[in-house]
Amino acid sequence: MFSEGMIWMAEDEGERLSIHPRMANRHGLIAGATGTGKTVTLKVMAESFSDAGVPVFLADVKGDLAGTCCPGENTRDMAQRIESFGLSQAGFRYQGYPVCFWDIYGEKGLPLRTTISEMGPTLLARLMDLTQTQADVLSIVFRIADDEGLLLLDTKDLRSMLNYVSDNSKEYASMYGSLPKQSINSILRNLSALEEQGADQFFGEPALDIHDWFRTDFQGRGMINILHSESLINNPMMYSTFMLWMLSELFEIMPEAGDCDKPKMVFFFDEAHLLFDDAPKALMQKLEQVVKLVRSKGVGIYFITQSPKDIPDGVLGQLGNKIQHALHAYTPAEQKAVRAAADSFRVNPGFDTREVLGQLGIGEALVSFLGEDGIPAMVRRARILPPQSLMGPIGDSDRRSQIQNQVLYSKYGTMIDRDSAYEFFQRKLKQQEQEELQRQEEEAQRKEEEKAAKEAAKEAERKAKEEAREAQRKAREEAKALEKQEKAKAREAEAAQKAKKRAVSNVARTAAGTIGREVGNEIGKSVGGSFGKRLGGNIGASIGRGLLGTLFGK
């Protein structure tokens, strides 16, 4: 309860044991074995901070904190506890609290998302269980994306970036160092495994704006942000990495606040041992630094675990407000844990802390809070107050109603896919495909043109050959015609010559005949009279023609 300006948590023999709001950001611890009442203590503390106007974040790993939004039930046991504490006079009443449900998987709460870039390579490498070499390669991939202005928002952005770097590893090697494709392929396989665990729902937008957790209701009560973790806790690496991310995100975004009258927000980390199991040294150092420094930003952190030994000494030393439920000591290791838990308290001379740790009943605890001067109070054996809200789960319909009535439902209810690395590479791939298609078309066109040119050249060559053959044919025909003409002319000339010769021969023969006849006539006349004249003429003509014919040709 929040009473008289104090976070009233427990009572020892009628004396109230309360946390001073000014000391609440000095962090705290709720520890104890299973079934000793840690969840009730967490619930009472969360309700009290809410009543004080301080927003709260807590993880519901068992599902029994969802009832915080509903008033508690007045059972006989509750009535007895209320009466034993005298809470009726202190204003105790059953009431529901302002609750906002969140769920990384988006099933039983508002989808709680972050981006790949905001998670960062260090936590992402832990989440994917990468080797140191693979983690170094992942860091380089993040740096390349940052240098080239590419947003890594979801898992498909990271996959696209990894494939791109793998394809161009030789080009980046000179500037960023070796980027073995084998390591990149291993990261891709681990990324696929992470997606099967629901990372494709966790990484994306709208990413969580932690400022949305710093809200109060109309009565001024702080909002209790409950992360549904029944499924998430089955993946301890995912759960712890998310918590580590949230803590580092708080540290980065919150401004310095100095000493505040009350915390700006209080975070409860249930199953806190998961935060530190197998954490690399560098991450552990970062976590311890954040725990030490985040209190100056007005944030209180409360770890819930079974034993204080689950918390590293560097962190445990920062936890000023402690509630220790019963611890069992059946083995040497458990006895050692009990001694360590007892030694962490300021001694109370009234009892043996180590002995009492094993005697505490359900709802009882060893309590030590910081005083106003910051000094831890002497350890007290006390009873924890009962919660005012319902202890247990709620029905699915009631949960859906709570979720859909949240003012943040419109902001986070629907996932968006903003332009980022994946879309950039898709455009680039499409452009490359278009360029390749254009190149292929141009190549095909060039080949077609070359083919057409070759065919045209062949056609021209064929036509030239045909024309040459035709010209040769015509030349032969013309030569033959000319030869024929020449022969014809020669024959005509020869015929003419022969005709001329015949004509000349005929004339000469005629003349010779005439002359011969006349000579014969004269000879015949002189010899034989008229008969001799005719005979001599005929003989003379024949002789004349024969002689001239022989002379001029026939």
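Arg-143 and Asp-147 both belong to helix H4, which covers residues 132–147, and with four residues from one to the other they sit about one turn of that helix apart. In this predicted model, the two side chains form a salt bridge in which the closest N and O atoms are 3.9 Å apart, a value that falls within the 4 Å allowed for such a contact. Arg-143 counts as exposed at 51% relative accessibility, whereas Asp-147, at 45%, counts as partly exposed.

A similar arrangement can be found in helix H16, which covers residues 421–552, where Arg-473 and Glu-477 are four residues apart and therefore separated by about one helical turn. Their side chains meet in a salt bridge with an N to O distance of 2.4 Å. Arg-473 is partly exposed, with a relative accessibility of 30%, and Glu-477 is also described as partly exposed, with a relative accessible area of 41%.

**Salt bridges between separate elements**

Which parts of the chain does the pair of Glu-4 and Arg-16 tie together? Glu-4 lies in the loop between strand E1 (2–3) and strand E2 (6–12), while Arg-16 lies in strand E3 (residues 15–19), so the contact joins parts that are twelve residues apart in sequence. The salt bridge between these two side chains has an N to O distance of 3.7 Å. Glu-4 is exposed, with a relative accessible area of 71%, but Arg-16 is partly exposed at 32% relative accessibility. Arg-16 takes part in another contact as well, for its charged end sits over the ring of Trp-8, 3.8 Å from the ring centre. Elsewhere, the charged end of Lys-156 is placed over the ring of Tyr-422, at 5.4 Å from the centre of that ring.

The table sets out the three salt bridges described so far.

| Salt bridge | N to O distance |
|---|---|
| Glu-4 and Arg-16 | 3.7 Å |
| Arg-143 and Asp-147 | 3.9 Å |
| Arg-473 and Glu-477 | 2.4 Å |

Salt bridges can also join into networks, and one such network links Asp-12, Glu-15 and Arg-380. A search of the whole structure finds 25 salt bridges.

**Aromatic rings**

The count of aromatic pairs comes to 19. One of them brings together Phe-49 and Tyr-302, whose ring centres are 6.1 Å apart and whose planes meet at 55°, so the pair is described as tilted. To count as edge-to-face, the planes would have to be over 60 degrees apart. This pair links distant parts of the chain, since Phe-49 is in helix H1 (residues 38–51) and Tyr-302 is in strand E10 (residues 299–305), 253 residues apart. Are these rings found in buried or exposed residues? Phe-49 counts as buried, with 0% relative accessibility, and Tyr-302 is buried too, with a relative accessible area of 1%. Ring pairs also build a cluster, which contains Phe-57, Trp-102, Trp-213, Phe-267, Phe-269, Phe-276, Phe-303 and Tyr-412.

**Cysteines**

How many disulfides does the count give? The count comes to zero. Cys-100 serves as an example, because its sulfur is 11 Å from the closest cysteine sulfur, which belongs to Cys-69, and that is too far for a bond; a disulfide would require the two sulfur atoms to be within 2.5 Å. Cys-100 is buried, with a relative accessible area of 0%, and Cys-260 likewise counts as buried, at 14% relative accessibility.

**Backbone details**

Most residues other than glycine have a negative phi, and most peptide bonds are trans. Against this background, a few places in the backbone deserve a careful look. The phi of His-27 is near 70°, a positive value in a residue other than glycine. His-27 lies in the loop between E3 and strand E4 (28–31), and at 0% relative accessibility His-27 counts as buried. Asp-129 also has a positive phi, near 55°, and its place is in the loop between helix H3 (116–127) and H4. Asp-129, however, is exposed, with a relative accessible area of 61%.

The peptide bond that joins Glu-205 and Pro-206 is cis, with omega at about 5°. Pro-206 lies in the loop between helix H7 (181–202) and strand E8 (224–228).

Definitions and conventions. Residues numbered from 1 in each chain as written. Predicted model: local features only at pLDDT ≥ 70, side-chain atom pairs only at ≥ 80, totals over all residues. Heavy atoms only, no water. Helix = DSSP H or I, 4+ residues; strand = E, 2+ residues; numbered from the N terminus. Buried < 20%, exposed > 50% of the residue type's maximum accessible area, 1.4 Å probe, protein only. Phe/Tyr/Trp six-rings, centres within 6.5 Å; stacked < 30°, edge-to-face > 60°. Lys NZ or Arg CZ within 6 Å of the ring centre and 35° of its normal.
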